[in-house]
Amino acid sequence: MPRIDFNKVGNAGPLPDGEYLCRIERVECSQSQYGDEMWNMRLAVQGGPHAGRVIYDNLAFSAESLPRVKLLCACIKLDLSGELDLTPEMLRGRDVRVRVGTEKYQGRARNKVFFDGYAPAQGETPSEGSDAEDDEGEV
């Protein structure tokens, strides 16, 4: 049987508001409440005191959300010079900086990735040809 010292185990609450280097671990296809294609992503924090913690985010493929999709694709250095048949495999395993805040959902605190909450993993600017980083706001 495992012996656990719960004095050394942190709480399972949300991460502190801020920016985290993450790896996109999982991308699953689903549908938004409005019928648009949507991808559910699981992003694992890669370093610091919160390494191993997980952030969840959704990418909706509605007209209003495409600037956010473009920003993420630019941050992971996909070629945005024309049309792209985007697949979940193109995102899996990629590193990206993720900026989160905290919100209340059904009475509990949870993390939320800001609408413009993605940045390149190495502190670079998003790839050439992307103006998505100029968009502001949250979903």
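This is a tour of a predicted model, from its confidence values to its helix H1, its pockets and one buried asparagine.

Residues are numbered from 1 along each chain as its sequence is written. Because the model is predicted, local features need pLDDT of at least 70 and side-chain atom pairs count only at pLDDT 80 or more, while totals for chains, interfaces and linings use all residues; side-chain values use heavy atoms, with hydrogens and water left out.

**Colour by pLDDT.** This is the predictor's confidence in each residue, from 0 to 100. The chain has a mean of 88, and 86% of its residues reach 70 or more. Select residues 127-139: pLDDT stays under 50 there, and the model has 26 contacts (heavy atoms within 4.5 Å) beyond four places in sequence for this stretch.

**Select 66-75.** This is helix H1; helices (H or I, at least four residues) and strands (E, at least two) are DSSP runs, numbered from the N terminus. Seven of the 10 residues of H1 are buried (under 20% relative accessible area, 1.4 Å probe, protein chains only), so the helix is largely enclosed by the rest of the structure. Show Arg68, Val69, Leu71, Leu72, Cys73, Ala74 and Cys75 for the buried set. Their cover includes strands E1 (18-31), E2 (37-45), E3, E4 and E5. After H1 comes Lys77, with a positive phi near 65 degrees.

**Select Tyr56, Asn58, Glu103, Arg110 and Lys112.** Among the 32 lining residues of the largest pocket, these lie nearest its centre. A pocket here is an open set of points on a 1 Å grid over the protein atoms alone, where a 1.4 Å probe fits, with protein on both sides within 12 Å along at least five of seven lines; lining residues have an atom within 4 Å of a point. Its volume, the space filled by probe spheres set on the points, is about 1000 Å³. E3 (54-60), H1, E4 (95-105) and E5 (108-120) each give two or more residues to the lining. By class, the lining holds 16 nonpolar, seven polar and nine charged residues.

**Select Phe61, Leu66, Val69, Lys70, Cys73, Leu80, Gly82, Leu84 and Leu86.** They line the second largest pocket, which has about 220 Å³ of space.

**Select Asn111.** This residue of strand E5 is buried, with a relative accessible area of 17%. A polar atom of its side chain lies 2.8 Å from the backbone nitrogen of Leu15, and the side chain reaches the backbone oxygen of Gly101 at 3.4 Å. Beyond neighbours within four places in sequence, Asn111 is in contact with Pro14, Leu15, Val100, Gly101 and Thr102.

Technical notes: Ala, Val, Leu, Ile, Met, Phe, Trp, Tyr, Cys and Pro count as nonpolar, Asp, Glu, Lys and Arg as charged, and the others, Gly among them, as polar. Buried means under 20% relative accessible area, exposed over 50%, partly exposed in between (1.4 Å probe, protein chains only). A polar contact is a pair of N or O atoms within 3.5 Å; within protein, one must be able to donate a hydrogen and the other to accept it, and residues adjacent in sequence count only if both atoms are side-chain atoms.
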